[in-house]
Amino acid sequence: MELWFSEFHAPDVKHSIRVNRHLYSQRSNYQQIDIFDTPEFGRVLALDGNVMLTERDEFIYDEMITHVPMSVHPDIRDVLVIGAGDGGVVKELTRYESIEKIDLVEMDNQVLEACRIYLPENASRLDDRRVHIYFDNALRFIRKRHSAYDLIIVDSTDPFGPSEGYFTREFYGICYNALRDDGIMVNQQGSPFYKQDADAMRRSHQRIVSTFPISRVYQAHIPTYAAGYWLFGFASKKYHPIDDFHAERWNSRGLETEYYTARLHVGSFYLPAFLEKMLREVEG
């Protein structure tokens with residue numbers, strides 16, 4: 001008998017992946033955690049039935065949420081990562097020798113421990129000397145920080161359930177205060193394709209626009225995420241993601257990537273017409 005894992009992308013749409021083995025299944029204080037071994041996507045982490053990452057395509061998400069801000073801000077030294085207990089974003093950040101401190105705030109320690117065991121490649125840099133892990137509520141943690149970070153990466157789950165508080169105007173205001181005068185915040189903005197996701201994306205973007213003087217949306221194509229089409233938000237106090245981007249400076253670092261490139265950086269901010277219209281409607 002074949003075993004399949006199915007995730008609903010919309011009430012009438014689901015994405016299914018054939019499973020070799022169900023490696024891990026636990027209910028934490030916050031959510032249901034599952035890790036599957038699959039023939040096509042390798043190991044898959046799902047939270048509350050939603051795919052968070054697969055070994056096959058996680059590099060797309062982690063590279064785009066990390067290298068875009070790192071290639072715009074010329075001097076990022078202190079970074080706050082919210083969520084990302086799998087360790088993938090931290091792994092990308094530790095490739096930059098110029099970064100001095102990475103604070104990782106994850107509310108669910110069971111996610112991190114499960115990934116250490118079953119997704120060791122993702123979690124391989126969590127013990128880097130610059131990484132400080134806090135198991136805490138991110139809102140409570142950030143409120144105590146003022147002008148402490150050059151970059152905040154919000155790698156939360158979707159704006160439903162445990163992570164709903166990470167998409168509010170209050171949260172974005174707290175992040176603004178925790179950033180230095182030239183700081184950048186990047187967050188995952190979900191998919192604009194299905195109605196529920198598009199509505200959540202619009203609400204989030206509207207709140208960010210009302211908080212930060214510079215706010216843009218950029219895109220990536222991730223096969224296992226809803227509609228295979230994913231958005232990120234770039235919010236900044238000073239730097240524009242294209243006008244202040246210097247390709248030569250980033251290329252000189254010599255970082256080898258699988259998805260992100262300097263040319264793709266610029267292209268990712270050029271959005272299809274239907275999405276531009278959505279964003280204009282909430283930007284006023």
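Student: At 36% relative accessibility, what does Asp48 count as?
Tutor: Start with the cut-offs: buried means under 20% relative accessible area, exposed means over 50%, and partly exposed is in between, using a 1.4 Å probe and protein chains only. Asp48 has 36% relative accessibility, so Asp48 counts as partly exposed.

Student: Before we go on, what pLDDT do local features need here?
Tutor: Residues are numbered from 1 along each chain as its sequence is written, and side-chain values use heavy atoms, leaving out hydrogens and water. This is a predicted model, where totals for chains, interfaces and linings use all residues, side-chain atom pairs count only at pLDDT 80 or more, and local features need pLDDT of at least 70.

Student: Where does Asp48 lie, and what is its phi near?
Tutor: Helices (H or I, at least four residues) and strands (E, at least two) are DSSP runs, numbered from the N terminus. Asp48 lies in the loop between strand S5 (42–47) and strand S6 (50–54). Most residues other than glycine have a negative phi. Asp48 is not glycine, yet its phi is positive, near 50 degrees.

Student: Which residue in the loop between S12 and S13 has a positive phi near 65 degrees?
Tutor: The residue is again one other than glycine, with a positive phi near 65 degrees. At 36% relative accessibility, this residue counts as partly exposed. Its name is Ala227.

Student: How is the ring pair of Phe5 and Phe36 classed?
Tutor: Rings of Phe, Tyr and Trp (its six-membered ring) pair if their centres lie within 6.5 Å; planes under 30 degrees apart count as stacked, over 60 as edge-to-face and the rest as tilted. Here the centres are 4.8 Å apart and the planes are at 35 degrees, so the pair is tilted.

Student: How many residues apart are Phe5 and Phe36, and are they buried or exposed?
Tutor: The two rings join distant parts of the chain, with Phe5 in strand S1 (residues 3–10) and Phe36 in strand S4 (residues 32–38), 31 residues apart. As for accessibility, both Phe5 and Phe36 are buried.

Student: What kind of aromatic pair do Tyr61 and Tyr225 form?
Tutor: Tyr61 is in helix H1 (residues 58–70), while Tyr225 is in the loop between strand S12 (214–220) and strand S13 (230–236), 164 residues away. Tyr61 is buried at 5% relative accessibility, and Tyr225 is buried at 9%. The centres are 5.9 Å apart and the planes are at 70 degrees, making the pair edge-to-face.

Student: What is the angle between helices H6 and H9?
Tutor: Axes are lines fitted to C-alpha atoms, for helices over the stretch in contact, and angles run from 0 to 180 degrees between N-to-C directions. For H6 (residues 195–209) and H9 (residues 273–283), the axes lie 9 Å apart and the angle is about 50 degrees.

Student: Then what does this angle make H6 and H9 to each other?
Tutor: Angles under 35 degrees count as roughly parallel, over 145 as roughly antiparallel, 65 to 115 as roughly perpendicular and the rest as oblique. H6 and H9 pack at about 50 degrees. The two helices are therefore oblique.

Student: Which residues does Thr38 touch, beyond four places away in sequence?
Tutor: Thr38 is in strand S4 and is buried, with a relative accessible area of 5%. Contact means heavy atoms within 4.5 Å. By that rule, Thr38 touches Ile17, Arg18, Val19, Asn20 and Val44.
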